[in-house]
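Here are a few short exercises to work through with the model open beside you. Try each one yourself before reading its solution.

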Amino acid sequence: MFNKEHNFIPVKALKHHWTQPFFSYMETPRPDYGIMLVVNGQIDFVSSQKFTLSAMTGDIVFLPKNSYYEARFRIDLGDIDNYLINFESDMDLDCAVPVLLAENASFECIDLFREFVDKFHNAESMNLHSKGLFYLLLDSISSQK
């Protein structure tokens, strides 16, 4: 998915600690593409087509733009934390439901996620440094597949 020639533009980096049972994009579609690292816990993604994807600690999930799904946080099993990078692309990344990109992400992937989110958490805008680091992260994810 990410090993083709696309222009990727990171938009926002977020850290989440979930205490509510779900977050929904069932009524309105997801506005951006996203890549999520599940730092702790389990998140079940249930699409409008009733497709379910379970992601656990160390998993990396691709969240498609314009998709309809609900993220269900298994807070009954413990803390739920994730890093999320929202981004745009100059091409349509043809996908309708969340996709598991990597299970048990490598230490390199986790470190790049952490570095990106720590440096650009809630930044008002991204710069060339953020774009370069984002491409390093994408390369690390694609080399893990």
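## Salt bridges along a helix

At 34% relative accessibility, Arg114 falls in the partly exposed class. Keep in mind throughout that this is a predicted model.

**Exercise 1.** Find the residue whose side chain meets that of Arg114 in a salt bridge, and work out how the pair is placed in helix 1.

*Solution.*
- Start with the partner: the side chain of Asp111 meets that of Arg114 in a salt bridge, at 3.5 Å from N to O.
- Check the cut-off: a salt bridge needs a side-chain nitrogen of Lys or Arg within 4 Å of a carboxyl oxygen of Asp or Glu, and the 3.5 Å between Asp111 and Arg114 fits that.
- Now the placing: helix 1 covers residues 107-120, and because Asp111 and Arg114 are 3 residues apart in it, about one helical turn separates them.
- Last, the surroundings: Asp111 is partly exposed, at 45% relative accessible area, and Arg114 is partly exposed at 34%.

**Exercise 2.** Do the same for Lys119: which residue does it form a salt bridge with?

*Solution.*
- The partner is Glu115, with the closest N and O atoms 3.0 Å apart.
- Lys119 and Glu115 are 4 residues apart in helix 1, so about one helical turn lies between them.
- Lys119 is partly exposed at 46% relative accessibility, and Glu115 is partly exposed too, at 32%.

**Exercise 3.** Look at Asp76 and Arg74: what is the N to O distance in their salt bridge, and is Asp76 buried or exposed?

*Solution.*
- The side chains of Asp76 and Arg74 meet at 2.9 Å, N to O.
- Asp76 is exposed, with a relative accessible area of 57%.
- Arg74 is partly exposed, at 27%.
- For the overall tally, the count of salt bridges comes to 6, among them Asp76 with Arg74.

## Two cysteines

**Exercise 4.** Work out why Cys95 is too far from the closest cysteine sulfur for a bond.

*Solution.*
- Recall the chemistry: a disulfide is a covalent bond joining the sulfur atoms of two cysteines.
- Find the closest candidate: for the sulfur of Cys95, the closest cysteine sulfur belongs to Cys109, and because it is 18 Å away it is too far for a bond. The cut-off here is 2.5 Å between the sulfur atoms.
- Turn the question around: Cys109 is in no disulfide either, its nearest cysteine sulfur being that of Cys95, 18 Å away.
- Compare the settings: Cys95 is partly exposed, with 21% relative accessible area, whereas Cys109 is buried at 0%.
- The disulfide count comes to 0.

## The largest pocket

**Exercise 5.** Describe the largest pocket: how many residues line it, and which elements give two or more residues to the lining?

*Solution.*
- About 170 Å³ of space lies in the largest pocket.
- Its lining has 16 residues, with His16, Phe23, Tyr25, Arg30 and Leu84 nearest the centre.
- The elements that give two or more residues are strand 1 (8-18), strand 7 (69-73) and strand 8 (80-89).
- Sorted by class, the lining has 12 nonpolar, 2 polar and 2 charged residues.

## A loop glycine and its neighbours

**Exercise 6.** Where is Gly41 found, and which residues does it touch beyond four places away in sequence?

*Solution.*
- Gly41 sits in the loop between strand 3 (33-40) and strand 4 (42-47), and is partly exposed at 24% relative accessibility.
- Leaving out residues up to four places away in sequence, Gly41 touches Ala55, Met56, Thr57, Asp79 and Ile80.
- Phe73 is 32 residues from Gly41 in sequence, with their C-alpha atoms 8.1 Å apart.

**Exercise 7.** Follow the contact to Ala55: is Ala55 buried or exposed?

*Solution.*
- Ala55 lies in strand 5 (residues 52-56), and at 0% relative accessibility it is buried.
- With residues up to four places away left out, Ala55 touches Val38, Gly41, Gln42, Ile43, Phe45 and Val61.
- Take Ile43 from that list: Ala55 and Ile43 are 12 residues apart in sequence, and 5.3 Å apart in space between C-alpha atoms.

**Exercise 8.** Finish with Ser47: which strand holds it?

*Solution.*
- Ser47 is in strand 4, and is buried, with 0% relative accessible area.
- Not counting residues up to four places away in sequence, Ser47 touches Met26, Tyr68, Tyr69 and Val97.

Definitions and conventions
Residues numbered from 1 in each chain as written. Predicted model: local features only at pLDDT ≥ 70, side-chain atom pairs only at ≥ 80, totals over all residues. Heavy atoms only, no water. 1 Å grid on protein atoms, 1.4 Å probe; cavity = no way out; pocket = protein on both sides within 12 Å on 5 of 7 lines; lining within 4 Å. Points joined across faces, edges and corners; volume = space filled by probe spheres on them. Nonpolar A, V, L, I, M, F, W, Y, C, P; charged D, E, K, R; others polar. Buried < 20%, exposed > 50% of the residue type's maximum accessible area, 1.4 Å probe, protein only. Contact = heavy atoms within 4.5 Å.
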